[in-house]
Amino acid sequence: MPNKRQYITSFSNPKVKWVAGLKEKRNRDDEKKFFIEGYREIKKAITSNAKSPIPCLPVKITSLFISPECFLGENEEALIGSVHCPIFELPRKIFEKISYRDRPDGLIAVAETPDAHVPWDKIKSIDTNPILIIEGVEKPGNLGTILRTAEGAGVELVIVTDPRIDLFNPNVVRASTGTIFTLPVYIGDLNEVLTKFKSKGYKRYAVTPEGKTLYTSVNMKEKSVFLFGSEQYGLSTDAKKLSDDTLHLPMLGEADSLNLAMSCGIVLYESIRQRNK
C-alpha cells in the first residue's frame, strides 16, 4: 500500500525549517540526520549492491520530501513508492528553499547518520584491488569526486583519516553521485589504518610531489594502499614515514602539484592498466 502523502503549503511550516537546517553541520550532528538530494543519489542509497566483501555504509531513510513540479523524468514515482517512510509534498517555491541545488529535481531524502568508523572485524584480505586512504581532505566536492573515481577504478575500500569536513556534507553526496553509498567508505585513525594493512601484507604508497619513485615504476598488481593528503598541506610526516615508498607524478610545467581528485584518478587508473595488462 503506498505511503500517504502529507502536503506542506507554507514556508513557515516547522518541517521546512528543520530539513533546510540539515545543510549545516551542527544541525546534522544534533539531529544525527543528513540529507540526500537527487534521484540517482537516493536510488543508490536504497539499492546499494556493492560487490565488495566489505559492507557499505548502512542507509536508513526516515522521511522523503518531494515536489512533482521539479521532476525531470518519468521514474520518480516508482522510486517514491519504494521508500517506506513519511512523505511530504511541497510546491516548487518551497522545495527550492530547502534544496541544496540551483536546479533541484524534486527529491530530498532524510536519513539517519550511520556509524562511519572502520569495521575492522569485517575487513579480510582483499585480493589485489587497491585501497585508498585520504588524509585531511578539506573540500567536500573533491572528496565526492574522489569517491566517484575510486568506484570507477575498482577500489575496494576508501578510508578518510583526520577529516576536516563532514563525510555526510551534501556536497560530498552530490559530487560522489551517490557512490558514497555503493563503495565502502569509512573514517579511521591514520596510524591504526597503516599498521593494520601492513600486518595484512599490503604495500603502502604515499603519493606526494616530493616522492622518490615515479608512480608507474611500482608493481600495482600486488596488494596496495595508496595515500593522498589534503589539498593545502599534503600528507603528514607520519603518513610518509609509515609508508613503504613515496611516489610522485611528473610535473613538467610551472605548477608544483595537481588537484587532489585528479592525482587520485591518475594513480588509480594506472593500477587498472597494470592489473589488466
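Here follow some questions and replies on a helix, a pocket and a cavity.

This is a predicted model, where local features need pLDDT of at least 70, side-chain atom pairs count only at pLDDT 80 or more, and totals for chains, interfaces and linings use all residues. Residues are numbered from 1 along each chain, and side-chain values use heavy atoms, without hydrogens and water.

Me: What makes residues 140-152 a helix, and what span is expected of helix 6?
Reply: A helix is a DSSP run of H or I with at least four residues. Helix 6 has 13. The expected span is 1.5 Å times one less than the number of residues, here 18 Å. Helix 6 reaches 19 Å from first C-alpha to last, close to that value.

Me: Which residues of helix 6 are called buried?
Reply: Buried means under 20% relative accessible area with a 1.4 Å probe, protein chains only. P140, N142, L143, G144, I146, L147, T149 and A150 are buried.

Me: Why is the largest cavity called a cavity?
Reply: On a 1 Å grid over the protein atoms alone, a cavity is a set of points where a 1.4 Å probe fits but cannot get out. The largest cavity holds about 50 Å³, as the space filled by probe spheres set on the points.

Me: Which residues line the largest cavity?
Reply: Lining residues have an atom within 4 Å of a point. They are F35, I36, E37, Y100, R101, P170, V173 and R174.

Me: Why is the largest cavity placed between domain 1 and domain 2?
Reply: Domain 1 (5-112) and domain 2 (120-275) both give residues to its lining, so the largest cavity lies between them. The bounds come from an automatic or database domain assignment.

Note on methods
Helix = DSSP H or I, 4+ residues; strand = E, 2+ residues; numbered from the N terminus. Buried < 20%, exposed > 50% of the residue type's maximum accessible area, 1.4 Å probe, protein only. 1 Å grid on protein atoms, 1.4 Å probe; cavity = no way out; pocket = protein on both sides within 12 Å on 5 of 7 lines; lining within 4 Å.
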